Amino acid sequence: MEYRRLGASGLMVPALSFGAGTFGGRGELFSAWGDTDAQQARRMVDISLDAGVTLFDTADVYSDGASEEVLGEAIRGRRDQLLISTKAGLPTGPAAADAGTGRARLIKAVEASLRRLGVDHIDLFQLHAFDAGTPVEETLAALDDLVRGGKIRYVGASNFAGWQLMKSLAAADKHGFPRYVAHQVYYSLVGRDYEWELMPLGVDQGVGAVVWSPLGWGRLTGKIRRGQPLPEGSRLHKTAEAGPPVDDELLYDVVDVLDEIAAETGRTVPQIALNWLLTRPSVATVIVGARNEEQLTQNLGALGWSLTPDQVARLDKASAVTPPYPYYPYYRLPDFARLNPPAV
């Protein structure tokens with residue numbers, strides 16, 4: 001396993017992390033992801049730790065808290081061997097107090113996560129979304145108290161826009177609050193929007209990318225190809241509308257190149273898609289999920305080898321789309337590119 005520093009922090013994380021979104025299986029969305037119970041989860045943790053995967057990611061909204069509960073059962077007795085990442089901020093109930101990142105809400109959310117996980121601290125606590133109704137200073141002050149109280153070690157964000165992240169970092173610097181060292185983001189060969197603003201921001205400000213849905217919401221599994229229907233049992237039948245949209249032709253063009261490289265390397269389509277992500281600037285760790293041991297073992301095969309520069313270039317070309325203004329000029333016009341070279 002390769003280990004990388006998480007942003008501008010002293011925390012070392014594995015290049016691949018395990019996502020526990022498949023644990024629990026409560027609700028329509030998360031039951032489509034998976035319904036791993038505690039016994040099965042313990043086996044997944046065994047395989048992960050044996051491979052050097054030491055970071056396990058979850059959230060309070062995953063299966064209405066059941067993901068944290070199952071993960072807590074699976075790691076019992078070996079807390080000192082691993083890192084736990086969880087998130088809060090999205091609504092967990094209908095009441096006004098059940099959502100957001102205000103002081104009372106964050107303290108309540110962290111304490112609830114600690115109980116469900118059965119641990120005394122969280123290694124990486126991330127805000128699951130930006131809360132426009134709460135001053136960033138209030139949120140950061142609450143996180144500062146939680147860090148000083150020993151309940152969380154490092155803080156991060158997830159799904160923030162560039163200005164939201166930069167505003168939070170500036171406020172942290174001004175008041176001496178903990179800086180976000182991680183940004184959990186969607187990034188894949190069929191979803192490269194992260195590169196337009198968030199990647200250069202991360203490089204400049206020392207915020208490491210924790211990548212979610214690296215296989216494009218299940219589209220880069222090798223089972224979806226041009227001219228073929230969705231395979232039976234694909235979670236996209238139930239969850240496609242909930243995930244990031246992907247243009248069909250873009251997907252098919254990318255899969256065509258993935259198939260070519262799979263034939264050249266003897267690697268699987270998912271392994272190639274994951275390996276490509278591991279070459280990108282600012283990426284600290286890529287979260288892989290699995291509904292069974294076979295999927296997990298296959299995903300772990302993304303490590304220990306490298307794509308050639310030519311193969312990377314072909315994947316870059318097949319997955320490229322024209323960015324929107326104001327990013328477009330920096331990619332196409334020499335005068336702009338001279339002043340603002342792209343991060344990749």
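Where is P326 found? P326 is in the loop between α12 (309–319) and α13 (328–332), and the peptide bond leading into P326 from Y325 is cis, with omega near 10°. Keep in mind as you look around that this is a predicted model. Below is a quick tour of some helix packing, a couple of longer helices, and a few backbone spots to click on.

**α2 against α3**

- Start with helix α2 (residues 38–50) and helix α3 (residues 66–74), which pack with their axes 8 Å apart and at an angle of about 60°.
- An angle of about 60° makes α2 and α3 oblique to each other, and their crossing is right-handed.
- On the α2 side, the contact is made by A38, A41, R42 and V45, while α3 brings V70, E73 and A74.
- Sorted by type, the residues of this contact come out as 5 nonpolar, 2 charged and no polar.

**α3 against α4**

- α3 also meets α4 (103–117), and here the axes come within 7 Å and cross at roughly 45°.
- That crossing makes α3 oblique to α4.
- The α3 residues involved are E68, E69, L71 and G72, and they meet S113, R116 and L117 of α4.
- For the contact of α3 with α4, the split is 2 nonpolar, 2 polar and 3 charged.

**How covered is α3?**

- α3 is mostly covered, with 7 of its 9 residues buried.
- The buried ones are A66, S67, E68, V70, L71, G72 and A74.
- The cover over those buried residues includes both helix partners, α2 and α4, along with the strands β4 (55–57) and β5 (83–88).
- Several buried residues turn up in the contacts as well: V70 and A74 of α3 face α2, whereas E68, L71 and G72 of α3 meet α4.

**α5 and what follows**

- Helix α5 (residues 136–148) runs for 13 residues, and from its first C-alpha to its last it reaches 18 Å, close to the 18 Å expected at 1.5 Å a residue.
- Which residues of α5 are buried? They are V136, T139, L140, A141, A142, L143, D144 and L146.
- These buried residues pack against two other helices, α4 (103–117) and α6 (162–175), and against the strands β6 (122–127), β7 (152–158) and β8 (180–186).
- After α5 comes G150, with a positive phi near 80°.

**α9 and D256**

- α9 is built from 18 residues, and its end-to-end C-alpha reach of 25 Å is close to the 26 Å expected at 1.5 Å a residue.
- Its buried residues are L250, L251, Y252, V254, V255, V257, L258, I261 and A262.
- α10 and α12 are included in what covers those buried residues of α9.
- An α-helix has 3.6 residues a turn, so residues three or four places apart point the same way.
- D256 also lies in helix α9 (residues 248–265), but at 33% relative accessibility D256 counts as partly exposed.
- If you want a long span to trace, D256 and Y180 are 76 residues apart in sequence and 38 Å apart in space, C-alpha to C-alpha.

**V203 and its contacts far along the chain**

- V203 sits in helix α7 (residues 198–205).
- V203 and V283 are 80 residues apart along the chain, yet their C-alpha atoms are separated by 9.4 Å.
- Setting aside neighbours within four places in sequence, V203 is in contact with P281 and S282.

**Positive phi without glycine**

- S282, one of the residues that V203 contacts, has a positive phi of about 75° although S282 is not a glycine.
- You'll find S282 in the loop between α10 (269–277) and β10 (283–288).
- N159 is another non-glycine with a positive phi, this time of about 65°.
- The place to look for N159 is the loop between β7 and α6, and N159 is partly exposed, with a relative accessible area of 38%.
- Both of the elements beside that loop, β7 and α6, are among those that the buried residues of α5 pack against.

Note on methods:
Residues numbered from 1 in each chain as written. Predicted model: local features only at pLDDT ≥ 70, side-chain atom pairs only at ≥ 80, totals over all residues. Heavy atoms only, no water. Axes fitted to C-alpha atoms, helices over the stretch in contact; angles between N-to-C directions. Helix = DSSP H or I, 4+ residues; strand = E, 2+ residues; numbered from the N terminus. Parallel < 35°, antiparallel > 145°, perpendicular 65-115°, else oblique. Left-handed = near helix turned anticlockwise from the far one by under 90°. Contact = heavy atoms within 4.5 Å. Nonpolar A, V, L, I, M, F, W, Y, C, P; charged D, E, K, R; others polar. Expected span 1.5 Å × (residues − 1). Buried < 20%, exposed > 50% of the residue type's maximum accessible area, 1.4 Å probe, protein only.
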